[in-house]
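Please look over the sequence and the fold shown here before reading the notes on architecture, core and helix packing that follow.

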Amino acid sequence: MTSYSYTSFNDTSFRARTTRARLDTLARFLDSAIRVPGTNIRFGADALLNLVPGVGTLTSKGMSAYLIWEAYRLGVPTSIVLRMIGNTGVDFVISAIPVVGWVGDVFYRSNLRNMALLCNHLDRVHPVPRRFQR
């Protein structure tokens, strides 16, 4: 009996692509899942969790830390990981201020910023081949 490989790409590229999709979903959930009706203002679970003092902030920053950890596991350079940590740190400082922080969480979207950094790196290292070229 022979075994066949049905994938034409390497495992690292596949893992990067699936992890990217999962982390993008997480970042959108945390930063822009809900739109305020009649406006273009979006917010996510990060802003909602920060309404719960202490535990909510730690939970949302824990999910942000997971995004950074996965980026590290994908081999993102230390300089980019440090920028991602800085974005999350700024978000944490904003969130620590009781009323101003709630509004700040709506407008400072650290997880989407971190995903942009991650996607830029992955586009360089694991480019997605185009299926149709004209």
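Helices (H or I, at least four residues) and strands (E, at least two) are DSSP runs, numbered from the N terminus. On that basis the protein chain reads α-β-β-α-α-α-α-α along the sequence, with six helices and two strands in its secondary structure. This is a predicted model, in which local features need pLDDT of at least 70 and side-chain atom pairs count only at pLDDT 80 or more, whereas totals for chains, interfaces and linings use all residues. Residues are numbered from 1 along each chain as its sequence is written, and side-chain values use heavy atoms, with hydrogens and water left out.

**Nonpolar core**
- The largest nonpolar core (buried Ala, Val, Leu, Ile, Met, Phe, Trp, Tyr and Cys residues joined through side-chain atoms within 4.5 Å; buried means under 20% relative accessible area with a 1.4 Å probe, protein chains only) has 16 residues, of which L67, V76, M84, M115 and L118 touch the most other members.
- At least two residues of this core come from each of α1 (11–31), α3 (55–73), α4 (78–96) and α6 (110–125), and α6 gives the largest share, five residues.
- Leaving aside residues up to four places away in sequence, L118 is in contact (heavy atoms within 4.5 Å) with L23, A71, L74 and V76.

**Packing of α4 and α5**
- Helix α5 (residues 98–107) packs with α4 at an angle of about 135 degrees, the axes being 6 Å apart.
- The residues making this contact are D91, I94, S95 and A96 of α4 together with P98, G101, G104 and D105 of α5.

**Whole chain**
- Of the 134 residues in the protein chain, 37% are buried.

Definitions and conventions. Buried means under 20% relative accessible area, exposed over 50%, partly exposed in between (1.4 Å probe, protein chains only). Axes are lines fitted to C-alpha atoms, for helices over the stretch in contact, and angles run from 0 to 180 degrees between N-to-C directions.
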